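Please look over the structure below before reading on. The points that follow take up salt bridges and then the ligand site.

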Amino acid sequence: MERPDGIVRIFDTTMRDGEQAARINLNTGEKVQIARQLERLGVDIIEAGFPASSPGDYDAVLNVAQEVKTPVVAGLARTREEDITVAGEALRNAAHPRIHVFIATSPIHMEYKLKLTPAEVLKEAERGVRLARSITNDVEFSAEDASRSDVDFLVEVFTLAAECGATTLNIPDTVGYAMPSEFEAFCRTIINRVNKRDVIWSVHCHNDLGLGVANSLAAVRAGARQVECTINGLGERAGNASMEEIVMGLRTRADQFEAVTRIDTTKFFSTSKLVSLLTGVPVQPNKAIVGINAFSHEAGIHQHGMLCNKATYEIMTPESVGAPGTDLHLGKHSGRHAFNERVEKLGYQLTGEQSVSAFEYFKELCDKKKDVSDGDIEAFLMDRIIQVTPESRYDLKDYAVTVGSGGKPTASITLAHGDTETTEAAVGNGPVDAAYKAILKILTFSPELTEFRIRATSELADALGEAHVILRYKDIKAQGRGASTDIIEATIRAYIEAVNRLYSVAAAKEVTI
Ligand code: KIV
Ligand code: ZN
């Protein structure tokens with residue numbers, strides 16, 4: 001066999017096989033949005049649907065074909081005449097149309113599903129490929145359930161398909177049954193025995209045993225130069241091989257493959273998010289490449305290693321896949337090194353003694369709380385370690401809020417600051433807005449309210465109201481919490497606490513307010 005070229009074409013079937021997954025339904029607008037993103041990502045072929053299967057699929061293929069210019073757009077078809085002509089019509093406006101014709105070749109599928117003899121399957125394949133080729137020059141032929149088919153029969157059917165004009169020959173592991181080393185040898189045998197120079201060999205692996213990606217990569221080693229896959233590994237049953245894993249496998253272990261892809265890998269994270277949003281299928285946190293934990297490290301030993309050299313625990317950078325960045329997640333497994341680093345990153349210079357007590361308090365907090373955020377760290381540094389200086393504190397002395405059905409809500413607030421007491425009043429869109437406007441009149445600076453939440457601590461009428469506020473000024477953020485049986489008072493107290501923290505953080509970071 002001639003050596004295959006060094007490009008692995010990425011054939012995305014998120015909108016065809018991916019959409020076949022239970023409970024996924026994408027409308028034409030959503031498919032067009034995904035197609036645009038796949039074009040930006042740099043995929044070579046987009047399989048937009050199975051036009052004869054439903055008017056919705058027809059419409060989606062028609063619209064995607066009109067929309068994208070660079071990738072080939074494929075429509076799936078059985079060998080039936082009607083399927084192929086409908087696919088051709090749906091693709092009529094595509095810059096690069098492909099008809100993807102398939103028929104099953106395994107004994108179990110031929111006997112029980114198709115109820116055809118192998119000779120009849122050969123005839124079907126021949127007729128289907130010839131008809132597709134009379135419509136477009138780009139025709140893919142797939143032998144469904146190839147991995148459970150007889151090798152001699154496969155060689156016969158693929159040879160025939162190539163002679164009838166198929167330009168891509170696809171070897172699907174339809175039920176995810178293959179094992180990587182076996183599949184590599186299987187593909188190599190077929191490719192060598194069919195021995196056609198001008199065809200591109202492709203694979204399409206399902207994930208029933210969790211081996212879809214491994215089998216796809218094994219096939220590349222055997223000479224496959226097209227891989228069919230989906231974003232986030234969506235697809236029938238346990239899904240299809242995941243595109244991001246295949247591409248990053250080829251890239252990260254380039255030493256194992258004589259082939260590269262044309263994908264802009266920095267778009268993986270955003271593409272995964274878009275597909276997850278539109279399909280409603282969340283990405284599991286530990287999903288390779290695009291899961292939120294894929295670049296997150298919690299164990300103290302790992303965090304220490306990462307701080308010394310990122311290559312200790314990361315084999316690719318988060319930037320290379322467009323992920324937000326390495327996250328040294330602070331939790332009960334984190335060590336002193338990572339904690340001190342975070343405190344410094346937040347802008348605090350602690351003395352040796354402060355640093356020891358801060359770490360002790362952090363560990364106590366981790367036992368109570370699974371996620372310790374930067375805001376939590378700042379809060380306890382302020383409350384327990386650095387502490388707010390009394391003269392910079394604002395204290396609530398008095399407040400009155402009027403809300404009526406007629407006029408606008410008004411609030412009057414009295415705050416003490418050192419020896420001075422100041423009262424201001426304001427009108428707002430609601431009682432809380434009025435109160436916050438009155439407070440802003442008293443302050444000498446104007447922080448921005450970036451988060452505001454209120455909740456009742458129980459369902460009873462006398463429940464405590466709890467308010468949570470985050471304020472920002474310059475680059476400093478501070479949170480405040482307030483609780484009271486009067487929810488307005490709780491929101492005022494939360495705001496004032498956040499203001500006080502803002503002062504303390506600013507002092508600790510030597511920022512003037
Ligand atoms: O899994 C499969 O065999 C398929 C074919 C239609 C390629 O999806
Ligand atoms: Zn499939």
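**Notes on the model**

1. The count of salt bridges comes to 32, a salt bridge being a side-chain nitrogen of Lys or Arg within 4 Å of a carboxyl oxygen of Asp or Glu. Side chains of opposite charge can pair when their charged atoms come close.

2. This is a predicted model, in which local features need pLDDT of at least 70, side-chain atom pairs count only at pLDDT 80 or more, and totals for chains, interfaces and linings use all residues. Residues are numbered from 1 along each chain as its sequence is written, chains are lettered from A and ligands numbered from 1 in the order in which they are written, and side-chain values use heavy atoms, with hydrogens and water left out.

3. One of the salt bridges joins Lys196 and Glu163, at 3.0 Å from N to O. The pair links distant parts of the chain, 33 residues apart: Lys196 is in the loop between helix H8 (180–194) and strand S7 (200–205), and Glu163 is in helix H7 (residues 151–163). Helices (H or I, at least four residues) and strands (E, at least two) are DSSP runs, numbered from the N terminus.

4. Which residues surround ligand 1? With a heavy atom within 4 Å as the criterion, they are Arg16, Asp17, His100, Phe102, Ser142, Glu144, Asn170, Pro172, Thr174, His204 and His206. Helix H1 (14–18) and strands S4 (97–104), S5 (139–144) and S6 (168–173) each supply at least two residues of this shell.

5. Polar contacts (pairs of N or O atoms within 3.5 Å) join oxygen atoms of ligand 1 to the side chains of Thr174 at 2.6 Å, His206 at 3.0 Å and Asp17 at 3.1 Å.

Methods
Polar contact = N/O pair within 3.5 Å; in protein donor to acceptor, adjacent residues only side chain to side chain.
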